[in-house]
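Here is a friendly walk through the fold, strand by strand and core by core. Keep the structure open beside you and follow along.

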Amino acid sequence: MADNDLASPLISSAPSDHPHLILTVQDDTDTDHNNHNGNHGSNSTHHHFRNPYAFLGSDGFTVPGSTTADPFRNHTLEIRGLYEWLKIGICLPIALARLVLFGASLLIGFVATKLALQGWKDKKNPMPKWRCRIMWITRVCTRCILFSFGYHWIRRKGKPAPREIAPIVVSNHVSFIEPIFYFYELFPTIVASESHDSLPMVGTIIRAMQVIYVNRFSASSRKHAVSEIKRKASSDRFPRVLLFPEGTTTNGRFLISFELGAFIPGFPIQPVTVRYPHVHFDQSWGHISLAKLMFRMFTQFHNFMEVEYLPVVSPLDNKKESAVCFSERTCHAMATSLNVVQTSHSYGDLMLLMKATQSKSKLERPASYMVEMATVKSLLHISSMEAVDFLDKFLSMNPDPRGHVNYSGFLRVLRLKACTFSEEIFAFIDVEKSGSITFKQVLQHPQAVSVSVFFSVCVCVCV
């Protein structure tokens, strides 16, 4: 071993003709004491900080303004007004009778379904006709369930297209009522989350529909689901395939971004729109518990529901159309029928909303943490799970009721040293130069490709 003194490097660098990147971090010991105690904003307006990411070729970024749209908000969470309380009081005895009808219909339907499935092992092929005839008992029971929830009559406009013309049906998703209605009306093959299989009684009934299960967070599961959709849609022996391309329920006042599973196979699609006209009771399954929503349904004189079958939308013949364009044309047709606004929200936004609502921080408007994840995913390639991780880290910075984090909270959670470089990073994210940062600014930071990249860079440069 060569004799080396303490000043000699243990590993000698190989000679290179390429210039080295040297990053200088200045420890600003003379920085105003107020800056280190959370009053960064009052002074940041008087200082011009350099761009800490200039060496990466970044020249800054802009953050789109926050939208006031909240597609998951139920507008009648609270029971208000003398009329509503009187109606509930009058309908309580009726609600008990409806509950008995609901329970009896569910039980009879479950028994009929178990009988239809008994001994059936070849579930890769269509259900035999004699088993389908038994399932008519369950279909009648589902109509009784709709009746018990107050849907005594359902207004329909248009008709279902023949299965050979439109093997795939897509619908907007507002409540748990639509799957029950479509089970009775069409008895389709449905695409559903794997979690539905474990639901008592309901899971058995769903299996009778030869359900295509999908795990939205697994790429292999999504790929398999698309393959099954294509296989079943291509054979007239299977029933129609039904999908809710929004991937979750909304309040029906917006149409959020579509998943592409229904459009990748390239078959003609019949869009169907569902409305729930109301004055006193919003029937949407938004940010409201299932038990509360069912109770409100049971205590209404009548719940209105309108179903409209739209003209079939086919892939363009004159050119090869992408699944994205196909979905956009279908979404536009449905939004026009519903007379609602299209947004770029997705199930990921609902995950963010639930995370913010469960936070210990007293937030004035948890919905402000929604960022229209479909756009974020498309432009920044940030997944919903990564966005939730970002939000978890952001909430630990103790944002104020408006959702703003100051400089001291930023340093504390990331365990950064109070130095010039930390200030430059904070000022770079603070595009509004308000002395505080928001979740949307952190998420859309151009170097925040993933949680690990952004926060590890921040931690390493100053510690």
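Strand S2 (residues 168–171) and strand S5 (residues 241–243) run parallel and are joined by three bridges. Within this pairing, Val169 stands opposite Leu242 in S5. Strands here are DSSP runs of E with at least two residues, helices are runs of H or I with at least four residues, and both are numbered from the N terminus. Two strands count as a pair if DSSP finds at least two bridges between them.

A word on the source: this is a predicted model, in which local features need pLDDT of at least 70, side-chain atom pairs count only at pLDDT 80 or more, and totals for chains, interfaces and linings use all residues. Residues are numbered from 1 along each chain as its sequence is written, and side-chain values use heavy atoms, with hydrogens and water left out.

S2 also pairs with strand S7, again in parallel, over four bridges. Ile168 has Ile269 of S7 as its bridge partner, and Ser171 has Val272 of S7. Where do the side chains of S2 point? Ile168 and Val170 face one way, Val169 and Ser171 face the other, and all are buried. Buried means under 20% relative accessible area, exposed over 50%, and partly exposed in between, with a 1.4 Å probe and protein chains only.

From S7 the pairing continues to S8, and from S8 to S1. S7 itself is mostly covered, with six of its seven residues buried. Here are the pairings of S8, with one residue pair from each.

| Strands | Sense | Bridges | Residue pair |
|---|---|---|---|
| S7 (residues 269–275) and S8 | antiparallel | four bridges | Arg275 opposite Glu306 |
| S1 (residues 155–157) and S8 (residues 306–309) | parallel | three bridges | Arg155 with Glu306 |

Glu306 in S8 thus appears in both rows, as the partner of Arg155 and opposite Arg275. Farther along, Val272 stands opposite Tyr309 in S8.

Now for the packing. A nonpolar core is a set of buried Ala, Val, Leu, Ile, Met, Phe, Trp, Tyr and Cys residues joined through side-chain atoms within 4.5 Å. The largest such core has 45 residues, and Phe149, Tyr151, Ile177 and Met305 have the most contacts inside it. At least two residues of this core come from each of helix H2 (82–117), helix H3 (129–148), helix H4 (177–185), strand S3 (189–193), helix H5 (202–207), S7, helix H7 (290–298) and S8. Leaving aside neighbours within four places in sequence, Ile177 is in contact (heavy atoms within 4.5 Å) with Leu146, Phe149, Tyr151, Tyr276, Met297 and Met305. Apart from this core lies another, of 32 residues, among them Met351, Met397, Ile425 and Phe426.

Met294 sits in helix H7 and is buried, with a relative accessible area of 18%. Beyond its neighbours within four places in sequence, Met294 is in contact with Phe102, Phe149 and Phe176. Met294 and Leu99 are 195 residues apart in sequence and 9.7 Å apart in space, C-alpha to C-alpha.

Two helices deserve a look for their buried residues. In helix H9 (residues 347–357), these are Gly348, Asp349, Leu350, Met351, Leu352, Leu353 and Ala356. Their cover includes helix H10 (373–380), helix H11 (384–395) and helix H14 (439–443). Helix H12 (residues 407–414) has six of its eight residues buried, so it is largely enclosed by the rest of the structure. Those residues are Tyr407, Gly409, Phe410, Leu411, Val413 and Leu414. Just after H12, Arg415 takes a positive phi of about 55°.

Which residues lie nearest the centre of the second largest pocket? They are Arg73, Asn74, His75, Thr76 and Leu77, out of 19 lining residues. The lining divides into six nonpolar, six polar and seven charged residues; Ala, Val, Leu, Ile, Met, Phe, Trp, Tyr, Cys and Pro count as nonpolar, Asp, Glu, Lys and Arg as charged, and the others, Gly among them, as polar. A pocket is an open set of points on a 1 Å grid over the protein atoms alone, where a 1.4 Å probe fits, with protein on both sides within 12 Å along at least five of seven lines, and lining residues have an atom within 4 Å of a point.

Overall, the protein has 15 helices and eleven strands, and buried residues make up 49% of its 463 residues.
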